[in-house]
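Let's walk through this structure together, one question at a time. Keep the picture in view as you read.

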Amino acid sequence: MTWPLMKKYAGSCDADFIGFTGCPEIPRPPAWKKLACLAESLSEFDEVLWLDADVVVSTDESIFDDFPVDKIQAVVEQKTTEGCIPNTGVWLCRRPVLPWLVAASMHDEYVNHKWWEQAAVIHLMGYVSEGGLCRSLRASKLHELTHFLDERWNYWSGSTISEAFFIHACGLSGEHRLSVIKRVLNG
């Protein structure tokens, strides 16, 4: 349901659109396939924008324009009741992030974490999730190489801004997530 707008957005940014339907099989929950799909894409492209399937694009403004050349990834750090959490549902990456994707994929302790691969990535960024709260414990090298995007690029139900470029139906149950996507798509 979200792919037509993603495809249109790619065209407006002069980018290729690749919709993953057959990512490599891995012995982990499906969300972990994101790391393998990103790695595969970065072997072909210098920059890749990952959008989770539950992201609705509502802009033609290019996310690539303000991505500093000295950074290897860009995410929105969402302010939640659980703390400030970098969200990889909208994830802009450059090829030098590849070793970090491999490192994240080796963090077995997050295989069944409620944030799956995102928990492994934010761990590498120096964040810790304990007692239901997430916080930045230390500035890691990956954190230093991260550009933090404005919240418009990953708007979610807890956002407090009025303008949204990408609307992300994250943190919701399947049926509720689908109803939010349909509501956004139908205006």
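A salt bridge here is a side-chain nitrogen of Lys or Arg within 4 Å of a carboxyl oxygen of Asp or Glu. Please keep in mind that the model is predicted.

Q: Which residues are linked with Lys-34 in a network of salt bridges?
A: A salt bridge pairs a nitrogen of Lys or Arg with a carboxyl oxygen of Asp or Glu, so the partners of a Lys must be Asp or Glu. In this network, the residues linked with Lys-34 are Asp-52 and Glu-117.

Q: How many salt bridges does the structure hold?
A: The network of Lys-34, Asp-52 and Glu-117 is made of such bridges, and Arg-152 and Asp-150 also meet in one, at 3.1 Å from N to O. For the structure, the number of salt bridges is 11.

Q: How many residues apart are Arg-28 and Asp-108, which link distant parts of the chain?
A: Their side chains meet in a salt bridge, with 2.2 Å from N to O. Arg-28 sits in the loop between α1 and α2, and Asp-108 in the loop between α3 and α4. Along the chain, they are 80 residues apart.

Q: Is Arg-28 buried or exposed?
A: Buried means under 20% relative accessible area, while exposed means over 50%. Its salt-bridge partner Asp-108 has 52%, so Asp-108 is exposed. Arg-28 has 19% relative accessibility, so Arg-28 counts as buried.

Q: Which residue forms a salt bridge with Arg-95?
A: Arg-95 lies in the loop between β4 and α3, and its partner is 49 residues apart from it, in the loop between α2 and β1. The closest N and O atoms are 3.1 Å apart. The partner is Asp-46.

Q: What is the phi of Asp-14?
A: Asp-14 lies in the loop between α1 (3–12) and α2 (33–42). With a relative accessible area of 75%, Asp-14 is exposed, and Asp-14 joins Asp-16, Glu-40 and Glu-44 in a negative surface patch. Although Asp-14 is not a glycine, its phi is positive, at about 55°.

Q: Which element supplies the largest share of the largest nonpolar core?
A: This core has 29 residues, and Leu-35, Leu-38 and Trp-91 are among those with the most contacts inside it. At least two residues each come from α2, β1 (47–51), β4 (83–94), α3 (98–105) and α4 (116–124). The largest share is five residues, and the element supplying it is α4.

Note on methods
Residues are numbered from 1 along each chain as its sequence is written. This is a predicted model: local features need pLDDT of at least 70, side-chain atom pairs count only at pLDDT 80 or more; totals for chains, interfaces and linings use all residues. Side-chain values use heavy atoms; hydrogens and water are left out. Patches are made of residues with over 30% relative accessible area and no salt bridge: like charges are joined within 9 Å, nonpolar side chains (Val, Leu, Ile, Met, Phe, Trp, Tyr) within 5 Å. Accessible areas come from the Shrake-Rupley method with a 1.4 Å probe; for residues, only the protein chains shown count as cover. Lys and Arg count as positive and Asp and Glu as negative; His and the chain ends are not counted. The place of a charge is taken as NZ of Lys, CZ of Arg, CG of Asp or CD of Glu. Helices (H or I, at least four residues) and strands (E, at least two) are DSSP runs, numbered from the N terminus. Buried means under 20% relative accessible area, exposed over 50%, partly exposed in between (1.4 Å probe, protein chains only). A nonpolar core is a set of buried Ala, Val, Leu, Ile, Met, Phe, Trp, Tyr and Cys residues joined through side-chain atoms within 4.5 Å.
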